[in-house]
Amino acid sequence: MGVSFSINFPIEPFKIIRENSEIFLMGSCFTEHIGTKLNNAGFKTFVNPFGILFNPVSITNAIKRIVNKQVYSIGELIKNQEGRYCSFDHHGFFSNIDKDKTIDEINVALLEAHENLKKTECIIITLGSAWIYRHIGLNKLVANCHKLPNTEFEKQLLSVDKLVDSIKEAIVHIRTINPNSKIIFTISPVKHLRDGIVENQQSKASLIMALGECLKAKDENLYYFPAYEIVTDELRDYRFFEADHCHPNQLAIDYVWERFTETCFSPKAIEKALDAEKLNKALAHKTLHNVELNENL
């Protein structure tokens, strides 16, 4: 990118993504950015079949239901204050004023995810937060509060031991239907400042500790890509965040992507991504040129 930063730490490469790899992604909103980049680079991707999920327990619960093809029933839905039917296990993307449409969309995505998870070569799981919310009345850990009153929930920071157990459980379930899959874990650089600055750091530290424990296992198909560390310690500056000071901006996303490809891509996969980038730029230029011509007519 032609930009010099104060720290540039080495990352040991693990070039497991090949030019024909299929990639399954789950986790926080940073997953969406990487998924979009992979898709634009010409890779077949399947991204967030439950929508954006932040905490490891919700991600593990989603993986368990995907693996077991455990579809949802209308009785598992709740109605939020906007009159939309939602699932406490899903992001608000899966919501509708028609409960039948909500359940259909949820179950179609779940069954598609099962088929994709069985055959994918590479799985990327991005953990966002160690904070969880539990619905008091239902005694249920939720992935999303769907704008219900705060008084209906209690907030808790998961212990490192609980995080380790949850992450290991996710790995075990994935391996029951895809024993040879390669799993890349990463921690989202998105700051959860609504939890508080100190609380956000406690959360990220807990996730780092938990993944460190899990990656001690002699499992050659488990990997860690330091997206959080790149943004926090290599870029280190709010110039690389949006105005909300929480979400990395496009410059940061592009830089992490560059580090991701040089770490995880085989030479042919890098070549494919570069060719796709050239093609996308040419198509964008052609579209812009046609618009300018039309405006001048």
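Me: Which residues of helix 3 do Arg65, Ile66 and Val67 in helix 2 meet?
Reply: Happy to start there, keeping in mind that this is a predicted model. The two helices pack with their axes 8 Å apart. On the helix 2 side, the contact involves Arg65, Ile66 and Val67. Their partners in helix 3 are Leu110, Ala113, His114 and Leu117.

Me: Are helix 2 and helix 3 roughly parallel or roughly perpendicular to each other?
Reply: The angle at which helix 2 and helix 3 pack is about 85°. Angles of 65 to 115 degrees count as roughly perpendicular. Helix 2 and helix 3 are therefore roughly perpendicular.

Me: How many of the 12 residues of helix 2 are buried?
Reply: Helix 2 covers residues 56-67, and its buried residues include Pro56, Ile59, Ile63 and Ile66. Their cover includes strand 1, helix 3, strand 5, strand 7, helix 4 and helix 5. Helix 2 is thus mostly covered, and the number of buried residues is 10.

Me: What is the order of the strands in the open sheet of five strands?
Reply: It helps to start at the borders. Strand 2 (44-47) and strand 10 (222-224) are the edge strands, each pairing on one side only. The pairing in this sheet is parallel, and the order is 2-1-5-9-10.

Me: What angle does the direction of helix 2 make with that of strand 1?
Reply: Strand 1 (residues 22-27) is joined to strand 5 (residues 122-127) by five bridges. Helix 2 packs on the sheet and touches both strand 1 and strand 5. The direction of helix 2 relative to that of strand 1 is about 135°.

Me: Which residue is the bridge partner of isoleucine 124 in strand 9?
Reply: Strand 5 and strand 9 pair in the parallel sense over six bridges. Strand 9 is mostly covered, with five of its six residues buried. The partner of isoleucine 124 in strand 9 is isoleucine 184.

Me: And which residue in strand 10 stands opposite isoleucine 183?
Reply: Strand 9 also runs parallel to strand 10, and three bridges join them. Opposite isoleucine 183, in strand 10, stands leucine 222.

Me: How far apart are the end C-alpha atoms of helix 4?
Reply: Helix 4 (residues 160-177) has 18 residues, so at 1.5 Å a residue a span of 26 Å is expected. The distance in the model agrees with that, at 27 Å.

Me: What do the buried residues of helix 4 pack against?
Reply: The buried residues of helix 4 include Leu163, Val164, Ile167, Ala170, Ile171 and Ile174. Among the buried ones are also His173 and Arg175. The elements they pack against are helix 2, helix 3, strand 5, strand 9, helix 5 and strand 10.

Me: Is serine 206 buried or exposed?
Reply: Serine 206 has its place in helix 5. Its contacts beyond four places in sequence are Ala130, Leu157, Leu158, Val160 and Leu163. Because its relative accessible area is 10% and the cut-off for burial is under 20%, serine 206 is buried.

Me: Why is the sulfur of cysteine 86 not in a bond with that of cysteine 145?
Reply: Cysteine 86 is buried, with a relative accessible area of 1%. A disulfide needs the two sulfur atoms within 2.5 Å. The closest cysteine sulfur to that of cysteine 86 belongs to cysteine 145, and it is too far for a bond, at 11 Å.

Me: How many disulfides does the structure hold?
Reply: Cysteine 145 is in no disulfide. For the structure, the number of disulfides is zero.

Me: Which residues does asparagine 96 touch, leaving out those up to four places away in sequence?
Reply: Asparagine 96 lies in the loop between strand 4 (85-87) and helix 3. At 16% relative accessibility, this asparagine 96 counts as buried. The residues touched by asparagine 96 are Arg84, Tyr85, Lys101, Thr102 and Glu105.

Me: How far is histidine 91 from phenylalanine 54 in space, C-alpha to C-alpha?
Reply: Histidine 91 is found in the loop between strand 4 and helix 3, and at 24% relative accessibility histidine 91 counts as partly exposed. Histidine 91 touches Phe50, Gly51, Ile52, Asn144 and His146, leaving aside residues up to four places away in sequence. Phenylalanine 54 is 37 residues from histidine 91 in sequence, and the C-alpha to C-alpha distance is 9.8 Å.

Key
Residues are numbered from 1 along each chain as its sequence is written. This is a predicted model: local features need pLDDT of at least 70, side-chain atom pairs count only at pLDDT 80 or more; totals for chains, interfaces and linings use all residues. Side-chain values use heavy atoms; hydrogens and water are left out. Two strands pair if DSSP finds at least two bridges between them. Helices (H or I, at least four residues) and strands (E, at least two) are DSSP runs, numbered from the N terminus. Contact means heavy atoms within 4.5 Å. Axes are lines fitted to C-alpha atoms, for helices over the stretch in contact, and angles run from 0 to 180 degrees between N-to-C directions. The expected span of a helix is 1.5 Å times one less than its number of residues. Buried means under 20% relative accessible area, exposed over 50%, partly exposed in between (1.4 Å probe, protein chains only). Angles under 35 degrees count as roughly parallel, over 145 as roughly antiparallel, 65 to 115 as roughly perpendicular and the rest as oblique.
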